[in-house]
Amino acid sequence: PETTLAEPATKARVEQLRVQAATITYTDSTVEGDPVQIDLAIDSLECAAVRAAQAPFDLIFRSNAAGTIEGRPFLIKTTHSSTTTKTEWRATGLPIALVGAYLEGPFRWLHSGECDVSIAQQLHHEHTLPVTLEAHLILRNVRPGVPDNAKPAVALAAQLLISRIQRFPKEKDVRFTLEMDSEKFDLTKTEDRDQLGKQFQAAAVAALLQSIP
């Protein structure tokens, strides 16, 4: 009899994904330093056409979701027009330690406080144009300090920066914009996802340093 090979898993596709009233607790060991444990509650999540090869892209950049991260509210909203697709992420009152674990650099010197995150990404349907990502971070009631495991030379150099951060107002506004190659923005390759993360980290650290008098 004639045999038909199964379709490769990378071509699998879920036409409509819906998740309601789900809770996820996971430990992320990929961050520098100690692993991070995150409690994520999804009140609702909807995403049309989740493709196996591009699942991270579809779930992060093409979904609509609401819930909490560590008990703080978050929202993902995706809208379409005739020329662009726009995705917005908002999270309120995230623990600064959680933010610092992923942004690294001087963000790790912020020992207490909260951060409101607002990010808007816009993808033009004309793929010759770059993808733009605008980020807005509000640091609230942050208190800095040199990490216990910092090398002496690093700790000494950090003192001046920390003294300036101590003068921050109760709310500190940090903004930056990224432009990315649309050809690599589908995040199908691990190196593209890593590169996006590194770009975001570098831009956030640069924006924080530039905001310090």
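Mentor: Before we begin, take contact to mean that heavy atoms lie within 4.5 Å of each other, and keep in mind that the model before us is predicted.

Trainee: With that in hand, what covers the buried residues of H3?

Mentor: The cover includes strand E6 (110–124), strand E7 (131–144) and helix H4 (190–210).

Trainee: Which residues of H3 are buried?

Mentor: The general idea is that an α-helix has 3.6 residues a turn, so residues three or four places apart point the same way. In H3 the buried residues are Ala155, Ala158, Leu161, Ile162 and Ile165.

Trainee: Taking leucine 161 as an example, which residues does it touch, not counting those up to four places away in sequence?

Mentor: Leucine 161, whose place is in helix H3 (residues 152–165), touches Pro106, Trp109, Leu209 and Ile212 once those sequence neighbours are set aside. With isoleucine 212 the separation in sequence is 51 residues, whereas the C-alpha atoms are 8.2 Å apart in space.

Trainee: How does the span of H3 compare with what its 14 residues should give at 1.5 Å a residue?

Mentor: The expected span is 20 Å and the end C-alpha atoms of H3 are 20 Å apart, so the two agree. That agreement should be read together with the local geometry, since H3 also has a kink of about 40°, centred on glutamine 159.

Trainee: Turning to the strands, how many bridges join E1 to E2, and how do these strands run?

Mentor: Strand E1 (residues 13–28) and strand E2 (residues 36–51) run antiparallel and are joined by 14 bridges; within this pairing, glutamine 16 has alanine 48 of E2 as its bridge partner. E2 is also joined to strand E3 (residues 63–69), again in an antiparallel manner, by 7 bridges, and here cysteine 47 stands opposite serine 63 in E3.

Trainee: Is threonine 85 buried or exposed?

Mentor: A residue counts as buried when its relative accessible area is under 20%. Threonine 85, at 6%, is therefore buried, and its place is in strand E5 (residues 84–95).

Trainee: With which side chains does the side chain of threonine 85 make a polar contact?

Mentor: One partner is the side chain of histidine 80, at 3.2 Å, and another is the side chain of histidine 125, with a polar contact of 3.2 Å. Both histidines also appear in the contact list of threonine 85, which, leaving aside neighbours within four places in sequence, comprises Arg62, Thr78, Thr79, His80, Gln121, Gln122, Leu123 and His125.

Note on methods
Residues are numbered from 1 along each chain as its sequence is written. This is a predicted model: local features need pLDDT of at least 70, side-chain atom pairs count only at pLDDT 80 or more; totals for chains, interfaces and linings use all residues. Side-chain values use heavy atoms; hydrogens and water are left out. Helices (H or I, at least four residues) and strands (E, at least two) are DSSP runs, numbered from the N terminus. Buried means under 20% relative accessible area, exposed over 50%, partly exposed in between (1.4 Å probe, protein chains only). A polar contact is a pair of N or O atoms within 3.5 Å; within protein, one must be able to donate a hydrogen and the other to accept it, and residues adjacent in sequence count only if both atoms are side-chain atoms. The expected span of a helix is 1.5 Å times one less than its number of residues. The bend at a residue is the angle between axes fitted to the seven residues ending there and the seven starting there. Two strands pair if DSSP finds at least two bridges between them.
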